[in-house]
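Here is a short set of exercises to work through with the structure on your screen. Try each task before you read its solution.

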Amino acid sequence: MSLIGVPWAMCSPASLAADNATLFAPCVACHGSKGEGNAALHAPAIAGQEAAYLERQLHNFRNRRRGVHGSDVFGAQMQAAVTTLADDAAVTAVASFAAKLPKTVTATPARGNLHNGRNLYNGTCGACHGGAAEGNPALKSPRLAGLDADYIKRQFVHFRDGARGTDPQDTPGRQMAMMAKTLQTERDLDDIIAFIHQQGRPK
């Protein structure tokens, strides 16, 4: 039996995909087998999110740049979860695997004033997160379309109130923390979320 093809087989795309799926397995319990998220478990959709963003957040949890504030209970749980990833290569592999999963859409869109939401989103969010909430890798801004309302609102409050985006090494987080303080009311936030939920949906 020839062994010439063995190194190729070990590094083939199919083999790498299988390895990445194995690394992703611990994430399934909360984020779902398709990365679709689980609002009941406060776990966001991660399917189709930009790989670099996912990787950065995993490192933020690992390095205690995120999830350390007393009010961020679910962030603390995520800190514990990332200990299953042995090294930076595993972090990269999981982020890459999730990024390649089909993008999600919100099953039940949030309700709100779409006119107000569109105006506010375009005025305060769109420059970084994209006109259709698709995200902007160049600005290190994640995709917002497809995230459930409670998760978006919870993270916004964390940014606004200092539970997230305070670490000096989390430059994108610090930028978001400043922006979160500019929104006037919770009703405005609800309207923005309603607008975001209309993005990426089948026409």
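A residue is called buried under 20% relative accessible area, exposed over 50%, and partly exposed in between. The model is predicted, so side-chain atom pairs count only at pLDDT 80 or more.

**Exercise 1. Classify the two partners of the salt bridge between Lys153 and Glu186, and place them in the chain.**

Step 1. Start with the geometry: the side chains of Lys153 and Glu186 meet at 3.4 Å, N to O.

Step 2. Compare the accessibilities with the cut-offs. Glu186 has a relative accessible area of 53%, so Glu186 is exposed. Lys153 has 23%, and therefore counts as partly exposed.

Step 3. Find the pair in the helices. Lys153 lies in helix α8 (residues 149-161) and Glu186 in helix α10 (residues 186-197). With their positions 33 residues apart, this pair links distant parts of the chain.

**Exercise 2. How many salt bridges does the model have, and how are Arg187 and Asp191 placed in helix α10?**

Step 1. The count comes to four salt bridges.

Step 2. Look at Arg187 and Asp191, whose closest N and O atoms are 3.5 Å apart. Because these two residues are four apart in helix α10, about one helical turn separates them.

Step 3. Check how each partner is placed. Arg187 is exposed, at 55%, whereas Asp191 is buried, with 3% relative accessibility. Elsewhere, salt bridges that share partners join Lys153, Glu186 and Asp190 into one network.

Step 4. Add the pair of Asp161 and Arg160, whose side chains meet at 2.8 Å, N to O. Asp161 is partly exposed at 49%, and Arg160 is partly exposed at 36%.

**Exercise 3. Which helix gives the most to the largest nonpolar core?**

Step 1. Take stock of the core: the largest one has 19 residues. Those with the most contacts inside it are Tyr121, Ala133, Leu144, Ile192 and Ile196.

Step 2. List the helices that each supply at least two residues to this core: α6 (114-124), α8, α9 (171-180) and α10. The most comes from α10, with five residues.

Step 3. Follow Tyr121 outwards, leaving aside neighbours within four places in sequence. Its contacts include Ala133, Leu144, Ile192 and Ile196, and also Gly126, His129 and Phe195.

Step 4. Keep the other core apart: a second, separate core of 15 residues includes Phe24, Ile46, Leu85 and Val91.

**Exercise 4. Describe the largest cavity by volume and by lining.**

Step 1. One cavity of 30 Å³ or more is counted, and the largest cavity holds about 40 Å³ of space.

Step 2. Collect the lining: Ala45, Ala47, Gly48, Gln49, Thr104, Arg143, Ala145, Gly146 and Leu147.

Step 3. Sort that lining by class, which gives four nonpolar, four polar and one charged residues.

**Exercise 5. Which residues does Phe74 touch, not counting those up to four places away in sequence?**

Step 1. Locate Phe74 in helix α4 (residues 73-81). At 28% relative accessibility, Phe74 counts as partly exposed.

Step 2. Read off the contacts: Phe74 touches His42 and Arg154.

Step 3. Set sequence beside space for one of these partners. Phe74 and His42 are 32 residues apart in sequence, and their C-alpha atoms are 7.2 Å apart.

Methods
Residues are numbered from 1 along each chain as its sequence is written. This is a predicted model: local features need pLDDT of at least 70, side-chain atom pairs count only at pLDDT 80 or more; totals for chains, interfaces and linings use all residues. Side-chain values use heavy atoms; hydrogens and water are left out. On a 1 Å grid over the protein atoms alone, a cavity is a set of points where a 1.4 Å probe fits but cannot get out, and a pocket is an open set with protein on both sides within 12 Å along at least five of seven lines; lining residues have an atom within 4 Å of a point. Grid points are joined across faces, edges and corners, and a volume is the space filled by probe spheres set on the points. Ala, Val, Leu, Ile, Met, Phe, Trp, Tyr, Cys and Pro count as nonpolar, Asp, Glu, Lys and Arg as charged, and the others, Gly among them, as polar. Buried means under 20% relative accessible area, exposed over 50%, partly exposed in between (1.4 Å probe, protein chains only). A nonpolar core is a set of buried Ala, Val, Leu, Ile, Met, Phe, Trp, Tyr and Cys residues joined through side-chain atoms within 4.5 Å. Contact means heavy atoms within 4.5 Å.
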